[in-house]
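Student: I have a model open on my screen and would like to learn how to read it. Could you walk me through it?

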Amino acid sequence: MMTGNIPQRANIVTVFGPISSKEDNLFRQYKQEGKRTFFAGDITIYFYFQQYLEMLTSPEADFFDNRNEHVDDETHVAIKKKLAENDFDFFAPHIVRIDHMGHAHSLISEQIPRAIEDVEQLIFGIIDAIDDDTLLILG
């Protein structure tokens with residue numbers, strides 16, 4: 001997605017406020033080509049690439065609250081809406097629920113299977129919504 005290193009964003013955002021990427025990256029290249037690029041999810045990622053992406057979720061969402069099982073709800077809605085509109089060249093949703101539940105409750109907690117099932121259903125919905133010419137990258 002980009003060259004170079006991404007600094008530890010959580011520390012930078014909470015201490016110094018948002019910074020932006022000045023390195024070459026896929027989002028920057030798409031912006032230069034006039035592509036429609038969108039992002040939904042964790043605000044720390046958005047802040048780093050904000051000059052290249054249109055944010056589809058609220059910047060006030062608390063992605064640092066690891067106990068919140070509904071941390072991705074707004075992102076899920078944004079994903080479904082953007083896929084239905086089908087007016088993007090690049091769309092980067094970032095889902096954090098499984099990671100947050102693991103940090104807050106441990107990987108063997110009852111929250112993890114529910115989080116996995118929720119994300120699986122979202123991914124299956126994305127697969128059903130995209131056409132054969134759309135590339136889906138999961139990471």
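Tutor: Let us go from the overall layout to single side chains. Keep in mind that this is a predicted model.

Student: Happy to. How many helices and strands does the protein have, and in what order do the elements run?

Tutor: Listing the elements from the N terminus is a good way to begin. The protein has six helices and three strands, and their order is α-α-β-α-β-α-β-α-α.

Student: Which contacts tell me about the fold beyond neighbouring stretches of chain?

Tutor: Look at how far apart in sequence the partners are. Among contacts in the protein with a separation of 6 or more, 55% join residues 24 or more positions apart.

Student: What share of the residues is buried, and how much surface does the protein expose?

Tutor: Of the 139 residues, 35% are buried. The exposed surface comes to about 8700 Å², with 52% of it supplied by carbon and sulfur atoms.

Student: Which residues make up the largest nonpolar core?

Tutor: For a core, look for buried nonpolar side chains that are joined to one another. Here the largest one has twelve residues: F27, F39, I43, Y46, F47, Y48, F49, Y52, L53, M55, F90 and A92. Helix α3 (43-49) and strand β3 (90-94) each supply at least two of them, and α3 gives the largest share, with five residues. There is also a second, separate core of nine residues, A40, I79, L83 and L122 among them.

Student: Now a single helix. Which residues of α5 are buried, and what do they pack against?

Tutor: To read a helix, find its buried residues and then ask what they touch. In α5 (residues 97-105), R97, H100, M101 and G102 are buried, and the buried residues of this helix pack against α6 (111-129). Just after α5, S106 takes a positive phi of about 90°.

Student: What about a polar residue in a loop? Is N25 buried or exposed?

Tutor: For a polar side chain, check its accessibility and then its partners. N25 is in the loop between α1 (9-16) and α2 (26-32), and its relative accessible area of 2% makes N25 buried. Its side chain has polar atoms 3.1 Å from the backbone oxygen of E23 and 2.8 Å from the backbone nitrogen of R28.

Student: And charged pairs: how many salt bridges are there?

Tutor: The count comes to six salt bridges. One network links K81, K82, E85 and D87. Within it, K82 and E85 pair with their closest N and O atoms 3.0 Å apart, while E85 and K81 meet at 3.9 Å, N to O.

Student: Why can E85 and K81 be partners within one helix?

Tutor: The general idea is that an α-helix has 3.6 residues a turn, so residues three or four places apart point the same way. E85 and K81 are four residues apart in helix α4 (residues 73-85), so about one helical turn separates them. K82 and E85, three residues apart, also lie in α4.

Student: How exposed are these three side chains?

Tutor: Each falls in its own class. K82 is buried, at 6% relative accessibility; E85 is partly exposed, at 38%; and K81 is exposed, at 53%.

Student: Can we try one more pair?

Tutor: Take R114 and E110, whose side chains meet in a salt bridge of 3.8 Å, N to O. R114 is partly exposed at 37% relative accessibility, and E110 is exposed at 56%.

Key: Residues numbered from 1 in each chain as written. Predicted model: local features only at pLDDT ≥ 70, side-chain atom pairs only at ≥ 80, totals over all residues. Heavy atoms only, no water. Core = buried A, V, L, I, M, F, W, Y, C linked by side-chain atoms within 4.5 Å. Buried < 20%, exposed > 50% of the residue type's maximum accessible area, 1.4 Å probe, protein only. Helix = DSSP H or I, 4+ residues; strand = E, 2+ residues; numbered from the N terminus. Contact = heavy atoms within 4.5 Å. Areas by Shrake-Rupley, 256 points an atom, 1.4 Å probe, with all protein chains shown as cover. Polar contact = N/O pair within 3.5 Å; in protein donor to acceptor, adjacent residues only side chain to side chain. Salt bridge = Lys/Arg side-chain N within 4 Å of Asp/Glu carboxyl O.
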